[in-house]
Every structure is written in structure tokens, then in C-alpha cells.
Amino acid sequence: MTQTRSAPPTTGRPVRQLLAASVGNAVEWYDWYAYTFLATYIAAAVFPKSASNSLVPLLSTFAVFAVGFFMRPVGGLLMGAIADRHGRRSALTVTILLMGGSSLLVGLTPTYAAVGVLAPVILVLARLLQGLSVGGEFAASTTFLVESAGPGRRGLFSSFQYVSTTAGQLVASGIATLLVDTLTDRSMDGWGWRVPFALGAVLSLVGFWIRRGAVETRSEEQQRAPRPGLLEALRRHPRESLLICGITAGGTIAYYTWTSYLPTYAELDAGVAKSDALLAGTISLAFFGLLQPLGGLVSDRFGRRPLLLFFGLGFALLVVPLLHSLRDSFAVLLLVQCAGMVLLTGFTSISAAVNAEVFPPRVRAAGIGFPYSLTVALFGGTAPYVGTLFKELDHAGLFPWYVAALCLLSSLVYLRLPETAHRELGR
């Protein structure tokens with residue numbers, strides 16, 4: 001792996017840097033996950049009903065969810081290039097504005113009954129914009145967070161990537177739960193599901209304002225250097241790009257299964273009530289967020305590879321029995337979700353640091369953004385659709401094995417991964 005000597009820190013205000021990255025990132029992921037938590041309502045409003053199969057609208061909704069993921073590699077490449085050429089802060093400003101606009105568009109999407117096929121077309125456009133924004137967000141904010149860290153604190157700072165992501169999910173899940181519990185089914189189907197997306201547009205403006213005060217982390221030397229080409233990271237660092245894919249494959253399928261799809265999986269396969277599934281998801285997400293800094297601190301002390309192996313092998317061995325143990329019980333669902341969150345922390349708390357430590361500073365944002373987002377699109381973004389499709393084909397029990405296989409594959413990569421926790425990070 002290419003390594004360079006570290007430069008003096010670009011900022012003496014780490015808390016301010018964390019806030020700038022975290023608040024904007026939380027808003028980005030609030031918007032993204034509001035779609036997942038309200039998928040069944042969006043399906044009923046935007047897609048035509050099937051007389052023969054009630055799962056068809058939901059499958060269509062998750063297909064659009066996956067479409068948004070396939071814009072993420074484009075966003076990772078384009079916004080990563082902006083971050084490498086014009087600065088991390090510039091890219092972060094663009095991504096938050098894109099997300100606000102796309103969230104508002106989802107909230108204003110007309111129903112299929114009102115405009116016919118134009119309704120799903122508008123929804124697809126909104127999800128494409130969201131995917132572009134989220135792909136760029138990860139590339140820029142990952143680089144920004146890790147470069148803002150002091151010596152021996154990259155793992156800790158890295159963990160705030162998922163602290164803020166989880167905060168956004170918590171707000172989205174909490175608002176969805178509140179709406180489901182307080183509004184009638186008719187109100188939720190009519191206008192209630194739109195409220196979180198309108199709120200997301202407002203929150204994006206707040207994130208934009210906060211990010212304007214962030215301090216650029218790209219070094220003065222990098223700012224004076226010739227700007228990298230759009231595909232320079234892929235062209236000059238193909239091994240590192242493939243390494244990012246291997247590191248990410250198991251982590252992303254496990255993450256999106258546990259944090260996004262599990263409430264729907266519990267409803268479809270275990271008969272758990274919708275409100276119970278959302279409540280269990282909210283509680284387990286809060287638990288998950290609290291675990292992240294602990295994982296980051298452990299990795300700063302003992303290294304990245306032990307935590308990655310704890311996640312990969314743990315999930316490969318336990319995901320099948322955990323998902324097969326689900327039944328119509330709130331307590332069992334909550335226990336399964338929290339157990340998975342403990343294992344998942346081995347990946348999420350340090351993924352930003354691991355990714356940033358792979359690439360040199362010149363192409364770090366774009367180098368991370370494209371292969372990471374491509375892998376997430378292929379395996380994470382399709383998780384809800386694949387899980388629902390297995391159910392549709394009467395093979396729901398195969399989905400846990402699919403997750404286990406990808407986690408085992410990534411574990412083989414972790415076994416050969418050089419330890420980078422105590423190496424210097426070029427700025």
C-alpha cells in the first residue's frame with residue numbers, strides 16, 4: 001500500500017470538525033433511510049396494485065431503493081474527484097444540497113392514482129439524486145473525518161461516520177414509529193408518509209449551514225499540487241481498489257440487512273407486527289450507535305484486523321441461526337438485532353479508517369468513493385430486494401446463507417490485510 005509521511009494537522013478544533021462531518025452525514029442518512037422505513041406506504045401510493053400478489057408493489061419499491069444505490073459509484077467518483085481537486089469541504093457542501101432537493105422531491109411525488117406511470121418515474125429520479133449524493137458523501141466525509149484526527153485517534157474519529165449515520169437512522173425510525181402509532185392507516189397512506197421527507201429537506205439546510213464553518217483538511221502541499229484526473233485512483237491503484245471491494249462486501253450486506261431490511265424481514269417471515277418491528281429497530285440502532293466509539297478506541301489500541309475478523313467470522317457463523325430464530329416476539333427480535341449489532345461494530349466502527357489508510361492523500365476521496373460505493377450498490381443496496389425476492393420464490397431460508405457467504409468471503413480478505421492502525425497517514 002502506498003504510504004506517505006504525515007503533515008501537521010490542518011485544524012486545532014477536532015470537535016468542530018466532528019460536528020461538521022457528523023451533522024451533515026446524519027441528515028444525509030436520515031433522508032436515505034426514511035425511504036426504507038416507509039417502504040410499504042410508498043409502495044401503496046406510487047405503484048399500481050397487483051390483483052394476484054400483494055408483494056409486487058413492495059418489490060417495486062425495493063427495486064427503486066436498489067436503483068438509488070447504483071448511482072452511488074457515480075457519486076463516489078464525481079464527488080470524490082471534487083474533494084481531491086477542490087477540497088473536502090466543497091464536496092461536502094454539494095452533497096448536502098443534493099440530498100435536500102431529492103428528499104423534497106420524494107415527499108412531493110404524486111400518487112399512481114393521480115398521474116399514473118409518471119409517479120414511479122418521479123420517484124426513480126429522486127432516488128437517483130439521493131444515490132449520487134450519498135455516494136459522494138461517504139467519499140468526502142470519510143476522508144474529512146480521518147484527516148481531522150490527531151495521532152492515534154483515527155479509529156475513534158472513524159467511528160463517528162456510523163455514529164452520525166445511526167443518528168440519522170434513529171431520527172428516521174423514530175419519526176416513522178411515531179407516525180405509525182399516532183396516525184390512522186388512512187392518514188399514513190394519504191399524507192403521513194410524506195412528512196419525514198419534507199422535514200429532511202429542512203434539515204439539509206441546517207447541515208449546509210454547519211458545514212460552511214468547517215476547516216479544510218487537505219494539506220497546502222496537496223492544494224498546490226497538480227489536480228488528479230477523474231480516473232487516476234483506479235488507473236494507478238487497481239490493487240487498492242480491489243482491496244476496498246473485498247473489505248466492504250461482507251460488511252455492506254450485513255449492515256443493510258440488519259439496519260434496513262430486518263424490520264421488513266421480521267414482518268414477512270416471522271409475523272412480527274409493523275409497530276413492534278419499527279420499535280425494536282429503533283432501540284437496537286441506539287445501542288449500535290453507542291458501540292461505535294468503543295470499537296474505534298479498541299482498534300486504535302489493538303489494530304484494525306482483529307475487529308474486522310471478529311465481525312466477518314462472527315457473522316459468517318451466526319447470521320443463519322440468528323435469522324432462523326426469529327418468531328412473532330418483540331423480545332426475540334430485539335435480542336437478535338442487538339446481537340447482530342455487536343458483531344457489526346467490528347466493521348462499521350473502523351471502515352472509514354481502514355479505507356482511508358489504503359490510499360495516498362492525492363486520490364484518497366475518489367479512490368475510496370468509487371470501489372466502496374460500487375460494492376455497496378452490488379451487495380448492500382440489493383439486500384432488501386434479494387430478501388423479498390427469496391420470500392416471493394418460497395425460499396426465504398436461503399437469504400441468511402447468502403449473507404453468511406459474503407461475510408466469509410470478506411473474512412478471507414481480512415486475514416491477508418496488512419495492519420495499518422499505527423502507520424502514519426499522509427495529509
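1. Helix axes whose N-to-C directions differ by an angle over 145 degrees count as roughly antiparallel. In this predicted model, helix H1 (residues 14–37) and helix H7 (residues 118–148) pack at an angle of about 155°, their axes lying 10 Å apart, and H1 and H7 are therefore roughly antiparallel to each other. The crossing that H1 makes as it passes H7 is left-handed.

2. On the H1 side of this contact are, among others, Gln17, Leu18, Ala21, Trp29, Trp32 and Tyr35, and these belong to a set that meets H7 residues including Leu123, Arg127, Gln130, Val134, Phe144 and Leu145. By type, the residues of the contact of H1 with H7 divide into 9 nonpolar, 8 polar and 4 charged.

3. Helix H10 (residues 195–211) also involves both of these helices, since its buried residues pack against H1 and H7, as well as against helix H2 (39–46), helix H5 (88–107) and helix H8 (154–182). The buried residues in H10 are Pro196, Phe197, Gly200, Ala201, Ser204, Gly207 and Arg211. As a check on the geometry of H10, its 17 residues should span 24 Å at 1.5 Å a residue, and the end C-alpha atoms are 25 Å apart, which agrees.

4. A separate point concerns Thr375, which is placed in helix H18 (residues 364–380). Because buried means under 20% relative accessible area, Thr375, at 3% relative accessibility, counts as buried. When its neighbours within four places in sequence are left aside, Thr375 is in contact with Cys245, Thr248, Ala249, Thr252 and Gly380.

How values were computed
Residues are numbered from 1 along each chain as its sequence is written. This is a predicted model: local features need pLDDT of at least 70, side-chain atom pairs count only at pLDDT 80 or more; totals for chains, interfaces and linings use all residues. Side-chain values use heavy atoms; hydrogens and water are left out. Axes are lines fitted to C-alpha atoms, for helices over the stretch in contact, and angles run from 0 to 180 degrees between N-to-C directions. Helices (H or I, at least four residues) and strands (E, at least two) are DSSP runs, numbered from the N terminus. Angles under 35 degrees count as roughly parallel, over 145 as roughly antiparallel, 65 to 115 as roughly perpendicular and the rest as oblique. A crossing is left-handed if the near helix is turned anticlockwise from the far one by less than a right angle, and right-handed if clockwise. Contact means heavy atoms within 4.5 Å. Ala, Val, Leu, Ile, Met, Phe, Trp, Tyr, Cys and Pro count as nonpolar, Asp, Glu, Lys and Arg as charged, and the others, Gly among them, as polar. The expected span of a helix is 1.5 Å times one less than its number of residues. Buried means under 20% relative accessible area, exposed over 50%, partly exposed in between (1.4 Å probe, protein chains only).
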